[in-house]
Structure formats: C-alpha cells, structure tokens
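Visitor: Could you take me through one part of this model up close? I'd like to hear about the nonpolar core, and then whatever else helps to place it.

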Amino acid sequence: MKPGQQKRKKYLDPGTVIIIKQVFSGLLVFTAVGIVLTSIWYGTRLLTFTIDKVTVVGGITIDKEKIRVEAEDKLNGAYLHLIPRRFIYFYPKQEILAEISKTERIKNVIIKKNSKREIGVYFEEYFPDNLWCNLGSVEGCYFLDKEGYSFAPAPKLVGESLVRYYSTENETKVGVNPFSQADYSTTREFTEKLAEIGWFVTKVEVDSARDAFYTISLGSELKTTLTEDAVKPFSNLETILQSKEFNHLKPGNFRYIDLRFGTRVFVNESLEGEGSENASTTAVSAE
C-alpha cells in the first residue's frame, strides 16, 4: 500500500446478504418447528397421559367385551403420525361414540374420562315392550320399547307374549316412534287395565283418526278413541260388564264393544258368520 492511501472496505453484495438472512431465518424456523414437534412427539407419549384402560358399564344382554374392543380399536394409531390417539386430551371421543351407537338395543351412550389413563363407556339398553308390524302381516316386525320407539328388527316370534301393534299410516322401520308417546302410553295403560280383569290383548291397531282397536284373545274386539285417557273407556266397560244385561260377556262370546262415544256404548254380540252386524248391535248407557 502506498503512503497516503486508505484501506478499502469490502462489502457483501446486497443480494448475498438477503440470501444469508433467509437461510438463517429458515434454520431458526426449522429448528423451532423441530423442537416443537419433538416436544409434542415425546410429550403426548408420556405414560401419565396415555389411555391404557377402557371401562364399560351398562346393559344386561349387550356384550360389554365387544363394546370394549370397539373402543380400543378406535384408540389405535396416531393423528398425522404424530399425536397418539390414546393421548387423553385428544382421544377420538366422537368416533368411539358413533361406532358404539351402531350396536342394536343400545341407547344413551356416554363416554367420559375416569382418569388421565382411563376412559369409561356408559350406556343403557332398549328392552322389548311390544311389537310393531305391518298391516296384514305377523312377520317383519320391529321391537318397540316402553316409549313406543322401534329400536331393532324382531325375529320371527310365535305366541302372544308381546302385543302386536299396527298403524294404518306408517310402514315399519327402525329408529322411529310410529305413534305419539302419549297415544302409545294410553294404549299400554288400557291394555294393562284389561289384563287386570283377565282380558288379554293380542293386537292393537291405530288409525289416522286416533281410534284404537284392541283384539282380545279368542277374537273379540274393543274400540276406543285416543282423544281421551284410558280411564274413561275402561270405567264405561266395567259399568257395562256389571249390568245384568251384559254381565255374561267375556272374550270370545261377543264380536265387539265400541267405547268411542262416551257413556253411549255399543255392544255387538254376533260372531263372524252369524248374520248382519247391525241387526245385533245394542246401544246402552254406561252412566
């Protein structure tokens, strides 16, 4: 260097500086993401937060082991190959709920954390109360629970241990209430009151006008309206049966008793093949 000359400073090209900054920033981001992912990976696999037990409670006839296996199956694997599905704070609750709810006869399924390492599956079970069949058929029926909800197809059944219900408006299918709960409750109450006097119902048909037709064992029929509760028609029936004129009536020796018109009761004692229905219908007051 000659005397009097100053040393020149070297500067990086601006484009190079930008590239270096971008690389450095990228490394920082990559490192930060790596640290976060590593922390998530190991943190969500701590035994303290890993579900290792599924408890199943509820029902009587439903296989609890099958329910447990279904729940365990949904806990296998990981989200995005990162977070285990057994991590207590992100376990697939809705998936387990949806799968278990497919089980026949199961209802009111609840899934909750019992601890940081255990979840519980709690449920109730539908029990058959009666049958719902299509008109003119005794097959292809569905079970109804005590609230009139059709919860499962019924196998081919013989005998009369369950009352068969028919609707003139609805075709049988699962997962519906073919009758309003109030109407179904009324028919059940009337059926129970009849059983108390030894009259056992085998079939109930409900039409669009909310008239209910009860077939009694041995073939006789009672007609009521669901626009009133079960107490009134049953009280009128008892009054008729206690009268001297009709105290001989019992299932099998009359065709029908019509209780749809308040205290005005119509009794038809002619059986099938005995001539005109109108000719033998007697109107009587139940007051």
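**Inside the core**

Guide: Let's start with the largest nonpolar core, which has 30 residues; L194, W199, L222, L237 and I257 are the ones that touch the most other members. Keep in mind that this is a predicted model. As for who supplies the core, the elements giving two or more residues are α4 (181-196), β10 (201-206), β11 (211-216), α5 (231-241), β13 (256-261) and β14 (264-268). The top contributor is α5, with four residues.

Now zoom in on W199. Leaving out residues up to four places away in sequence, W199 touches L194, I216, L222, L237, L241, L249, K250, P251, F254 and I257. Four of the names from the opening list turn up again there: L194, L222, L237 and I257.

While you're around β10 and β11, have a look at the loop between them, where R210 is found. R210 has a positive phi of about 65 degrees, and it is not a glycine. That's worth a pause because most residues other than glycine have a negative phi. With a relative accessibility of 34%, R210 counts as partly exposed, since that class lies between the 20% and 50% cut-offs.

There's a second, separate core too: 17 residues, including I62, L75, I88 and F123. Elsewhere in the chain, L80 sits in the loop between β2 (78-79) and β3 (83-84). L80 is another non-glycine with a positive phi, about 55 degrees here. L80 counts as exposed because its relative accessibility is 81%, and the cut-off for that is over 50%.

Next, a helix pair. Helix α2 (residues 64-74) and helix α3 (residues 93-100) have axes that come within 9 Å and cross at roughly 145 degrees, and the crossing is right-handed. On the α2 side the contact uses I67, E70, A71 and K74, and these meet E95, I96, E99 and I100 of α3. Sort those residues by type and you get four nonpolar, four charged and no polar.

Last stop, a hairpin. Strands β7 (residues 142-144) and β8 (residues 150-153) pair in the antiparallel sense, over three bridges. One pairing to pick out is L144 with S150, its bridge partner in β8. Five residues lie between the strands of this hairpin, and G148 takes a positive phi near 80 degrees.

Definitions and conventions: Residues are numbered from 1 along each chain as its sequence is written. This is a predicted model: local features need pLDDT of at least 70, side-chain atom pairs count only at pLDDT 80 or more; totals for chains, interfaces and linings use all residues. Side-chain values use heavy atoms; hydrogens and water are left out. Axes are lines fitted to C-alpha atoms, for helices over the stretch in contact, and angles run from 0 to 180 degrees between N-to-C directions. A crossing is left-handed if the near helix is turned anticlockwise from the far one by less than a right angle, and right-handed if clockwise. Contact means heavy atoms within 4.5 Å. Ala, Val, Leu, Ile, Met, Phe, Trp, Tyr, Cys and Pro count as nonpolar, Asp, Glu, Lys and Arg as charged, and the others, Gly among them, as polar. Two strands pair if DSSP finds at least two bridges between them. A nonpolar core is a set of buried Ala, Val, Leu, Ile, Met, Phe, Trp, Tyr and Cys residues joined through side-chain atoms within 4.5 Å. Buried means under 20% relative accessible area, exposed over 50%, partly exposed in between (1.4 Å probe, protein chains only).
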